[in-house]
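User: Hi! Could you walk me through this one?
Analyst: Happy to, here is the model.

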Amino acid sequence: MLAEKIPINVKRGDSFDHWHEVTCRNYSVTECRPVSIKHFCAHISVWRFGALVISDLSCSTAVDNLITITRTPAHLRRDCRDDFQLWLITAGSAVFAQGGLEARMQPGDLVLQDQARPFALEFGPRHDAILITIPRPLMISRLPAASKFVARRISGDTNLGKLSAAIIRQSIALGDTSDEVAGRVGSSALDILATTIEVQLAERTDDTTAQTRRLAQVQRFVRANLHNPKLDLDTIAKIQKMSTRTLNRLFASEGTTPIRWLWQQRLAASFNALAEGHVSYVTDAALNFGFSDCAHFSRAFKAAYGQSPQTLIRGRIHPPSGFAGIASDPRR
């Protein structure tokens, strides 16, 4: 079977209203001020590539009638999709704002977007881009602090930026490859993209205190030991040579607890393993990441991701973000 092309159906000559309706149905429910039909032109092509979805996008408008998109808390309440999306600008320009930050994107630049948070996006008169939709657990399992890196521009002039941009462009060229190859290449590509985001942006964040460095050390230890069903608060604290009170305080700075974070990482790792074909049985996904009770694992998985692990296995590739026609709630 070949990697699937998704029938998004926006072609040059289609109306602005049709374009906006399709983007709301397949990406994020948003508000967008209408633009002049006379100067509007857009095109969208989409492929499912392993567990990722890759979109080739273009649109153009008059210089004095730019497209401005906003996603508000009210939209989030109607639309529960929560993937990450990575933009690569290939021509023209765009401005993306989220979490109090603003990224002005030029050709070759990369910017990460969190679908589960409000944002604003303004396209330049011409805007061509490749958009990769990444299921949240697949990103979080590689980059737990991904939400801290949104709306931060990665320049296309850096070595890692160039490498990531080249991989994204080549992924479209591989759109007619087999599902198995697409899954393996997509998984490797996501490893490189996550590394690029972390390496290029980590030094620009304010996470330079001894406390945040200590938290990162504990998180690395936990992720390396997800397979251990006996990992608990006391064990983590003892091996990390700190009190349980100190351990709790570290994770409180992130708005969570050590054990809640541990189980979130276990679920994300199991989703990753199932979605990318690293395991083929629910029992393996549970036991490999520290669950000793498969029934409990299945309940927790469905509560987190809106589908059972058995469903994910049957489909092998879960369609992220409600692609191919789910308008507002992809988890129903």
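User: How much of the protein counts as buried?
Analyst: Of its 332 residues, 51% count as buried, where buried means under 20% relative accessible area with a 1.4 Å probe, protein chains only. This is a predicted model, where local features need pLDDT of at least 70, side-chain atom pairs count only at pLDDT 80 or more, and totals for chains, interfaces and linings use all residues. Residues are numbered from 1 along each chain as its sequence is written, and side-chain values use heavy atoms, with hydrogens and water left out.

User: Cool. How many helices and strands?
Analyst: Twelve helices and nine strands, taken as DSSP runs numbered from the N terminus (helices H or I, at least four residues; strands E, at least two).

User: And at what angle do α6 and α8 pack?
Analyst: About 105°, with the axes of α6 (residues 210–224) and α8 (residues 244–252) 10 Å apart. The axes are lines fitted to C-alpha atoms over the stretch in contact, and angles run from 0 to 180 degrees between N-to-C directions. That makes the two helices roughly perpendicular, a label for angles of 65 to 115 degrees.

User: Which residues of α6 and α8 meet?
Analyst: Q211, R214, L215, V218 and Q219 in α6 meet L247, L250 and F251 in α8, with contact meaning heavy atoms within 4.5 Å.

User: Switching topic: is S55 buried or exposed?
Analyst: Buried, as the relative accessible area of S55 is 0%. S55 sits in strand β4 (residues 52–60).

User: What does the side chain of S55 make a polar contact with?
Analyst: The side chain of Y27, at 2.7 Å.

Technical notes
Angles under 35 degrees count as roughly parallel, over 145 as roughly antiparallel, 65 to 115 as roughly perpendicular and the rest as oblique. Buried means under 20% relative accessible area, exposed over 50%, partly exposed in between (1.4 Å probe, protein chains only). A polar contact is a pair of N or O atoms within 3.5 Å; within protein, one must be able to donate a hydrogen and the other to accept it, and residues adjacent in sequence count only if both atoms are side-chain atoms.
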